[in-house]
Amino acid sequence: MSEPWTVDAVLLDMDGTLLDTEKVYFDSLVAALTAFDYGEDAVALCHSMIGLPGPVCETMLLDRHGPTFPMAEINQAFILNRDRMFEAGLPLKIGTLALLDALAAANCPMAIATSSSRRTAERHLTLAGIRERFDTVLTLDDVTHGKPNPELYLKAAARLGVTPQACVAVEDSNHGAAAAHAAGAITLMVPDMAPPTDETRAKCAAVLPDLNAVLALLRGRGVLTRRSS
């Protein structure tokens, strides 16, 4: 076994990390922008938004397209596209259930730290069938600044009564990894839509292919030694 980590809790991003939703968001927004004739640079722009809170993405769209950009209409089209795709179900990422089961079996405290709103987080965790696994869910509604600001991770650790330095944080995006690292957490990245930059790799304890690999690493580092209840 590798050198053990002293870990009191595991903090988990939601979209793109536990839930396979980022591609749905991405495709829904690209389709909405294209339908309103803003499709020329939609793919590149949407890639740059991965991991950012909704209000920040809206600001990016306005900065790119100007004050006449039809934000309300684009949002409506995005929601219709997204909900149509979600009718087929809200899938989990590979290894989600195995990781959550192992953390629960070890009595390891865990929390969600997501850039989504409270309403979206509650809905998506419920649709995915994992809401009851989390007593602590921190969302964009709980902070002043979203990722890549570390506030979500700092508050999640505080809510669990642990220091951020004694937490493992699992993320899928460059912005999310930046937030976790800035909070002082041991940062693991499982890339989803966007590959890690060199800067992100330097901030991560490991970049891994899926949550099964995260589980194997946590076991190897002694994180999943059963705690007293």
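This is a short chat about a predicted model, moving from its sheet to its helices and loops.

Reader: What kind of model is this, and how are residues numbered?
Author: The model is predicted: local features need pLDDT of at least 70, side-chain atom pairs count only at pLDDT 80 or more, and totals for chains, interfaces and linings use all residues. Residues are numbered from 1 along each chain as its sequence is written, and side-chain values use heavy atoms, with hydrogens and water left out.

Reader: OK, the sheet. What is the strand order?
Author: The order is β3-β2-β1-β4-β5-β6, in an open sheet of 6 strands with parallel pairing. Strands here are DSSP runs of E, at least two residues; helices are runs of H or I, at least four; both are numbered from the N terminus. Two strands pair if DSSP finds at least two bridges between them.

Reader: Which are the edge strands?
Author: They are β3 (137-138) and β6 (206-207). Each pairs on one side only.

Reader: And how many bridges join β4 to β5?
Author: 4 bridges join β4 (residues 167-171) to β5 (residues 186-189). Val 170 has Leu 188 in β5 as its bridge partner.

Reader: What about Ala 169, is it buried or exposed?
Author: Ala 169 sits in strand β4. Its relative accessibility is 0%, so Ala 169 counts as buried. Buried means under 20% relative accessible area, exposed over 50%, partly exposed in between (1.4 Å probe, protein chains only).

Reader: Which residues does Ala 169 touch?
Author: Leaving out residues up to four places away in sequence, Ala 169 touches Leu 11, Tyr 153, Ala 180, Ala 185, Ile 186, Thr 187 and Leu 188. Contact means heavy atoms within 4.5 Å.

Reader: Ala 180 is in that list. Which residues of its helix, α8, are buried?
Author: Asn 174, Gly 176, Ala 177, Ala 178, Ala 179, Ala 180 and Ala 183 are. That is 7 of the 10 residues of α8 (residues 174-183), so α8 is largely enclosed by the rest of the structure.

Reader: What do those buried residues pack against?
Author: They pack against α7 (151-160), β4, β5 and α9 (198-203). After α8 comes Gly 184, with a positive phi near 100°.

Reader: New topic. How do α1 and α4 cross?
Author: The axes of α1 (residues 22-35) and α4 (residues 71-86) come within 8 Å and cross at roughly 135°. Axes are lines fitted to C-alpha atoms, for helices over the stretch in contact, with angles from 0 to 180 degrees between N-to-C directions. The two helices are therefore oblique to each other. Angles under 35 degrees count as roughly parallel, over 145 as roughly antiparallel, 65 to 115 as roughly perpendicular and the rest as oblique.

Reader: Which residues of α1 meet α4?
Author: Val 24, Tyr 25, Asp 27, Ser 28, Leu 29, Ala 31, Ala 32 and Leu 33 do. Among their partners in α4 are Ile 74, Phe 78 and Met 85.

Reader: Now loops. Where is the cis peptide bond?
Author: A cis peptide bond joins Lys 147 and Pro 148, with omega about 10°. Pro 148 lies in the loop between β3 and α7.

Reader: What is the phi of Asp 37?
Author: It is positive, about 65°, although Asp 37 is not a glycine. Asp 37 is in the loop between α1 and α2 (42-49). At 73% relative accessibility, Asp 37 counts as exposed.

Reader: And Asn 107, what is its phi?
Author: Asn 107 has a positive phi of about 55° and is not a glycine. Asn 107 lies in the loop between α5 (96-105) and β2 (110-113). With a relative accessible area of 28%, Asn 107 is partly exposed.
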